[in-house]
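Grab a coffee and open the viewer. Here are some exercises to work through with the chain in front of you.

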Amino acid sequence: MATRSIDGLEALLGELGVGLACDAIQSANIKDNSDLTLILPKLKWRSEKPKDLARQAFVKYSSTPLFQLPIPDGVHLRFIFSTVTLPRLILPYINDRMEQYGRIVSCEDQSAAALSVASKKVVVEFSSPNLATQFNLAHLRSTILGAQIANLYECMGWDVVRLNYLGDWGKEIGLLGVGWNRFGSDEMFEEDPMGHIHHVYEKVQELFRPEKEASRKARNEGRDTAEIERQGIFAERNGFSKRMEDSEPEAIAFWRRIRDATIAYYTEAYKRLNITYDEFSGESQVSPESIAEVETILKAKGIYEESDGSWIIDYSKHGPKSLGVSVLRGRTGSTSYLLRDIAAVFDRSQKYSFDKMVYVVAAEQDVHFQKVFQALRYMDHDDLVAKLEHVNFGKVQGLSQQLGEAHLLGNILNLAISETRGMLGTNQSRHTEIDNSDRSAEILGTTTLTAEVCGLSKRATGYTLDMKKFSSFEGDTGPNLQLCYAKLCSKIKESNSDEATLANVDYTYLQDDPWTEALRLMAQYPDAVDAAYKGHEPSMILAYLFHLAEELNNCLEDDDDDDDGDGDGGTGNSDSSKEEVEDTNSGESPEAILAQAVLYRHARQVLDNGMSILGITPVC
């Protein structure tokens, strides 16, 4: 909203002999308690010192309905919306857009930013669990952040393809096949497909561990590992993988059965987080033609070379040295994860003709993506590399001790829900607006998990999950956000909903704190969305929602105090129009209650919009 409030500044700067520079205008800044800031050094006006310019601007500033007097602050000039104009401006603005508020392409929006992304397509890859191994916190954070980032792109007008790139091929699946031959049970698989898959994998991993340690020891001592890997479980695993590569019917039938069961399981689990995908892809889906194209080009460029029976890229030879040496095709002829990832770029480019592709993957994979991008540069595909971005994130800890050795997404969700279920069963009087039902427990549990995994810090920051927040209606927690939303719903229901429209509002009842602070924050929502989108930082939306909920709780508490009938007129405003309509029996006039209900209705819509981006379902 504030980003559209520039016209008045143009006139002011014109009086000072300074042309408008849009990059000198900074939108809402919560820390500095301003709605718009003019950064004077960015004007590059050489005839005056910026601080002198700030003082001149303050003196020459003419009264305007939009802003209060600006505040000189060093080299900044800070502007705050007029409390008289703000409710008359922001509430109709939100009312015209409602669920479209905060979206860059909404209604008649023909801004340069909107037009720049019109018809552009982005592929967002996120979650990407492995068929055989546990769903860890890196997968969980990729799932939640990736879905939120995809929603931000969609909010900004992009055509979004949500893609789940499963780890469904290669040696891990070969090892699972070996395990199935030893420990697999059709009966147990039918009863609990994912649980049995992971049980089998754990058992074969235990058998395989001594061989892996022997191979690792030989490698560390500089000895050839080929002899070790030609026998035992190594040989069985590699053989099963090769049979998959060769499309042997029995191996493919096993792989397809496991893959189908995995997709069915995760599809249902993702729904609980309001996440859907346009495609469940995977390493198995990379076309042989693209793999062959990658190898052919790399060979022609002199980049691809044979080494001890494997085919490699020696990045240290071709640059940059820090990337070392990577195997693309092993001694047995099996393709590596790296080779498949490089080839997948070609497949996706051909299938989707994307303008951008974003990989939401943990920071531990930084080097892997550097290798993918560099290999494409070796192949003279700088055009493709320019469209690719690895959006990484820091490590999260804190669930393993509750879940034990292995866990799935459903286990994690059930744990979160069990934590909130206990909270709902106690102190019901503190959250009467939220009932003690299975639905409420599910929503509060997934809300808290989403909020905790998203985090309030930048995504690159690692941290430990705070399980106490799963059972708290206090502070910056998922339950407290939902409680605020539920209170708004309750207040709206209590009012005469047919009368609570903009046409009937007396805005003078919204010109004082705490109402104006809530309105200022509501006006800042589009800027919060824009900043989150540009930085791939969904945490900025979460921080915004927590701040808005805090201000709305102040309004609700003030409203409740007035309902107690203290006889002081309720709002504390000295405006004569309010004194005339004071209702000493209830502490609030009908006009005041109606105006507040309208604010609550529009504030709820802003919360709704932000929660939708984060994948959070409102509790009511």
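What follows is a set of exercises with worked solutions, all based on a predicted model.

**Exercise 1. A strand in the middle**

Find strand β11 (residues 356–360) and work out how many of its residues are buried, which way they point and which strands it pairs with.

*Solution.* Start with burial, where the cut-off is under 20% relative accessible area. Five of the five residues in β11 pass, so the strand is largely enclosed by the rest of the structure.

Next, look at direction. In a regular strand, side chains alternate between the two faces of the sheet. Here Lys-356, Val-358 and Val-360 point one way, while Met-357 and Tyr-359 point the other way. Both sets are buried.

Now the neighbours. Strand β5 (residues 121–126) pairs with β11 in the parallel sense, over five bridges. One to click on is Glu-125, whose bridge partner in β11 is Tyr-359. Strand β12 (residues 388–391) also pairs with β11 in the parallel sense, over four bridges. There, Val-358 has Glu-389 as its bridge partner.

**Exercise 2. Checking a helix with a ruler**

Take helix α18 (residues 409–424), compare its expected span with the distance between its end C-alpha atoms, and list its buried residues.

*Solution.* The helix has 16 residues, and at 1.5 Å a residue it should span 22 Å. The count to multiply by is one less than the number of residues, because that is how the expected span is defined. The end C-alpha atoms are 23 Å apart, which agrees.

For burial, go along the helix. The buried residues are Leu-409, Gly-410, Ile-412, Leu-413, Leu-415, Ala-416, Ile-417, Thr-420, Met-423 and Leu-424. When you look for a pattern, keep in mind that an α-helix has 3.6 residues a turn, so residues three or four places apart point the same way.

**Exercise 3. Salt bridges, pair by pair**

For the pairs Arg-230 with Glu-227, Glu-248 with Arg-243 and Lys-469 with Glu-452, give the N to O distance and say how exposed each partner is.

*Solution.* A bit of background: side chains of opposite charge can pair when their charged atoms come close. The cut-off used is a nitrogen to oxygen distance within 4 Å, and the structure holds 28 salt bridges.

- Arg-230 and Glu-227 meet at 2.8 Å. Arg-230 is exposed at 57% relative accessibility, and Glu-227 is partly exposed at 48%.
- Glu-248 and Arg-243 meet at 3.5 Å. Glu-248 is partly exposed at 31%, and so is Arg-243, at 30%.
- Lys-469 and Glu-452 have their closest N and O atoms 3.9 Å apart. This pair links distant parts of the chain, 17 residues apart: Lys-469 is in the loop between β14 (463–464) and α20, and Glu-452 is in helix α19 (residues 438–454). Lys-469 is partly exposed at 25%, whereas Glu-452 is buried at 10%.

As an extra, look up Asp-35, Glu-517 and Arg-520, which are linked in a network of salt bridges.

**Exercise 4. Backbone oddities**

Identify the cis peptide bonds before Pro-320 and Pro-514, then check phi for Ser-127 and Ser-128.

*Solution.* First, the usual picture: most residues other than glycine have a negative phi, and most peptide bonds are trans.

The bond joining Gly-319 and Pro-320 is cis, with omega about -5°. Pro-320 sits in the loop between α13 (315–318) and β10 (325–329). The bond from Asp-513 to Pro-514 is cis too, with omega near 5°. You'll find Pro-514 in the loop between α20 and α21 (515–523).

On to the serines. Ser-127 has a positive phi of about 80°, and Ser-128 has one near 50°. Ser-127 lies in the loop between β5 and α5 (137–155), and that loop also holds Ser-128. Ser-127 is buried at 3% relative accessible area, and Ser-128 is buried at 16%.

**Exercise 5. Outside and inside**

Say whether Leu-69 and Asn-480 are buried or exposed, and describe the surroundings of each.

*Solution.* Leu-69 is in the loop between α2 (50–60) and β3 (71–73). Its relative accessible area is 55%, so it is exposed. Together with Phe-58 and Val-59, Leu-69 makes a nonpolar surface patch of about 310 Å².

Asn-480 is in helix α20 (residues 478–494). At 15% relative accessibility, Asn-480 counts as buried. Leaving aside neighbours within four places in sequence, Asn-480 is in contact with Ser-472, Phe-473, Glu-474, Gly-475 and Asn-553.

Definitions and conventions. Residues numbered from 1 in each chain as written. Predicted model: local features only at pLDDT ≥ 70, side-chain atom pairs only at ≥ 80, totals over all residues. Heavy atoms only, no water. Patch = residues over 30% accessible without salt bridge, like charges linked within 9 Å, V, L, I, M, F, W, Y side chains within 5 Å. Areas by Shrake-Rupley, 256 points an atom, 1.4 Å probe, with all protein chains shown as cover. Salt bridge = Lys/Arg side-chain N within 4 Å of Asp/Glu carboxyl O. Helix = DSSP H or I, 4+ residues; strand = E, 2+ residues; numbered from the N terminus. Buried < 20%, exposed > 50% of the residue type's maximum accessible area, 1.4 Å probe, protein only. Contact = heavy atoms within 4.5 Å. Pairing = 2+ DSSP bridges.
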